[in-house]
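Got your viewer open? Please take me on as your guide, and we'll go from one selection to the next.

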Amino acid sequence: MRAGSGKLKDLASLTQRFTKPEIAIAPGGHVRTIASGHYTVSGLSKHVRLGEFVAHRSPTGIHLGEVVRVEPDLVYVCPIEPGEPIGIGDVVIRKGAFRVAPDDSWCGRTINALCDPIDGKGPLPNGPEKRSISNNAPPSMTRQRVETGFLTGVRAIDIFSPLCLGQRLGIFAGSGVGKSTLLSMLARADAFDKVVISLVGERGREVREFIEDTLGDNMAKSIAVVATSDESPMLRKMAPLVGITIAEHFRDRGENVLFIADSITRFAHAIREVAMASGEPPIARGYPASVFTELPRLLERSGPGPEGTGTITAIISILVDGDNHNDPIADSARGILDGHVVLERSLAEEGRYPPINPLSSISRLARKAWTGDQEKLVSRLKALIHRFEETRDLRLIGGYRAGSDPDLDMAIKQVPIIYEVLKQTPGDPPAIDAYADLAMALRAAAQGGPGFQR
């Protein structure tokens with residue numbers, strides 16, 4: 001079966017992933033109408049619930065679909081695989097909620113949104129516990145507090161936007177600015193027992209490069225859930241839900257899990273496609289209300305678990321449409337997450353990678369990761385960078401005379417060195433102590449030495 005395919009050879013292989021094993025007596029209906037993006041079924045309205053799955057039987061096999069709308073006489077179904085051969089009168093049977101059964105043996109594997117392996121390494125054994133991909137987040141008052149900071153190895157983040165275990169961070173950027181590259185650097189952090197990566201709407205050619213080249217040895221503790229850009233909106237919608245469900249399994253066993261989703265915007269686009277096919281009207285720049293319901297449901301499932309369990313640290317990429325950082329998806333995600341890192345196209349064009357703007361990037365839990373001295377230092381560094389940037393035009397036209405402003409003189413000397421220290425590529429080793437690297441570079445510049453050496 002190809003990656004992302006909704007086709008299955010028989011019902012037996014399908015049954016174990018759903019809540020209803022009694023496939024022989026499962027309620028059934030018949031296809032009534034067929035339209036682009038969905039079809040309707042009669043005879044199932046009293047038996048199915050919104051979000052459950054059905055199986056459509058055709059001459060070519062069994063095909064999955066999700067119930068997206070229920071009326072008294074009709075059920076609207078979005079097929080997992082658009083283009084499947086559907087005919088009027090075809091039999092459709094209820095399957096129930098889609099569930100996954102994660103296991104330790106899944107580490108090192110790459111799967112699609114239906115939990116079928118796509119890496120050619122053989123079948124995946126099921127774990128002892130089945131979980132619905134539509135779980136709710138833990139109750140607020142039962143959750144642990146976020147207390148422990150960790151190092152990512154990326155100097156720009158460890159200094160200006162440090163993270164804690166159980167935090168949820170957004171990477172905001174336009175297309176082609178470097179979100180995926182930065183995510184690949186963060187995936188190498190050593191603070192986690194497991195890493196779950198959900199690639200949503202990615203280019204097919206990049207999947208293997210990300211897994212083999214970027215993750216490398218870390219793939220041994222990682223699970224990748226992939227739904228590429230050419231796959232159906234249903235699969236692109238399911239991929240992060242499957243990924244977070246797998247992460248919850250390991251969190252509940254007391255492990256610290258890193259969950260990476262690239263990108264949540266394409267998850268929102270998939271929800272929009274499905275919702276529009278079911279007749280839901282748009283309310284904000286083409287996005288229906290269900291998008292703004294599903295985003296917090298997904299993002300709130302990450303974070304610290306209940307007392308006695310582990311944590312899910314979520315690093316989410318947000319593709320800002322047209323480089324507009326206030327588009328509806330970016331604005332909604334920013335209000336849910338515990339911090340945001342902003343990547344600027346202008347910095348990428350200057351050759352500063354990762355192109356993180358330290359003044360626009362915020363970690364809401366930074367004070368739990370900083371020491372008192374570090375917080376004072378970062379505050380001073382931001383003041384210097386702000387002073388340097390706000391006077392750039394004045395200095396370019398020769399309107400500033402050295403010695404007129406001691407703070408600006410210091411910024412002119414030190415900010416270029418700071419920028420040089422913050423430069424980092426995926427090929428560079430992770431930074432062990434970002435503050436020591438910065439101090440060494442500034443000290444060397446003051447003494448007239450060669451500067452920062454990678």
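Start by selecting residues 165–347: over this stretch the chain is 42% helix and 27% strand, and the C-alpha atoms at the two ends lie 29 Å apart. Here, helices (H or I, at least four residues) and strands (E, at least two) are DSSP runs, numbered from the N terminus. UniProt lists this same range, in an unreviewed entry, as "domain: AAA+ ATPase". UniProt positions are given in the numbering used here, feature names are shortened, and annotations may be inferred rather than shown by experiment.

Before you click on, keep in mind that this is a predicted model: local features need pLDDT of at least 70, side-chain atom pairs count only at pLDDT 80 or more, and totals for chains, interfaces and linings use all residues. Residues are numbered from 1 along each chain as its sequence is written, and side-chain values use heavy atoms, with hydrogens and water left out.

**Stop 1: Arg168**

Pick Arg168, in strand β13 (residues 168–173). Is Arg168 buried or exposed? It counts as buried, because its relative accessibility is 8%; buried means under 20% relative accessible area, exposed over 50%, and partly exposed in between (1.4 Å probe, protein chains only). Now show its side chain, which reaches the backbone oxygen of Leu299 at 3.4 Å. That's a polar contact: a pair of N or O atoms within 3.5 Å, where, within protein, one must be able to donate a hydrogen and the other to accept it, and residues adjacent in sequence count only if both atoms are side-chain atoms. Leaving aside neighbours within four places in sequence, Arg168 is in contact (heavy atoms within 4.5 Å) with several residues, including Glu300, Ala314 and Asp338.

**Stop 2: helix α8**

Next, select residues 328–336, which make up helix α8. How many of its nine residues are buried? Seven are, so the helix is mostly covered. Color them if you like: Pro328, Ile329, Ala330, Ser332, Ala333, Arg334 and Ile336. At the start of α8, look for a side-chain oxygen of Asp327 that comes to within 3.0 Å of the backbone nitrogen of Ile329.

**Stop 3: salt bridges**

Side chains of opposite charge can pair when their charged atoms come close. A salt bridge is a side-chain nitrogen of Lys or Arg within 4 Å of a carboxyl oxygen of Asp or Glu, and a search of the whole structure finds 28 of them. Select Glu255 and Lys194, whose side chains meet in one (2.8 Å, N to O). This pair links distant parts of the chain, 61 residues apart: Glu255 is in the loop between α5 (233–252) and β16, while Lys194 is in strand β14 (residues 194–202). Glu255 is buried, at 12% relative accessible area, and Lys194 is buried too, at 12%.

Keep Glu255 selected and add Arg253: these two form a salt bridge, with the closest N and O atoms 2.7 Å apart. Arg253 counts as partly exposed, at 42% relative accessibility. Add Asp104 and you have a network of salt bridges linking Asp104, Lys194, Arg253 and Glu255.

**Stop 4: His38**

Jump to His38, in strand β3 (residues 38–42). His38 is buried, with a relative accessible area of 14%. Its side chain reaches the backbone oxygen of Ala277 at 3.0 Å. Beyond its neighbours within four places in sequence, His38 is in contact with Tyr76, Val77, Cys78, Pro79 and Ala277.

**Stop 5: backbone oddities**

Most residues other than glycine have a negative phi, and most peptide bonds are trans. Now select Cys115, which has a positive phi of about 65 degrees although it isn't a glycine. Cys115 sits in the loop between β9 (109–112) and β10 (131–132), and is buried at 7% relative accessible area. Then try Arg285, with a positive phi near 50 degrees. Arg285 lies in the loop between β17 (282–284) and β18 (287–288), and counts as exposed at 59% relative accessibility.

For cis peptide bonds, go to Asp262 and Ser263, where omega is near 0 degrees. Ser263 is in the loop between β16 (256–262) and α6 (264–277). Another cis bond joins Tyr353 and Pro354, with omega about -5 degrees. You'll find Pro354 in the loop between α9 (345–349) and β22 (362–363).
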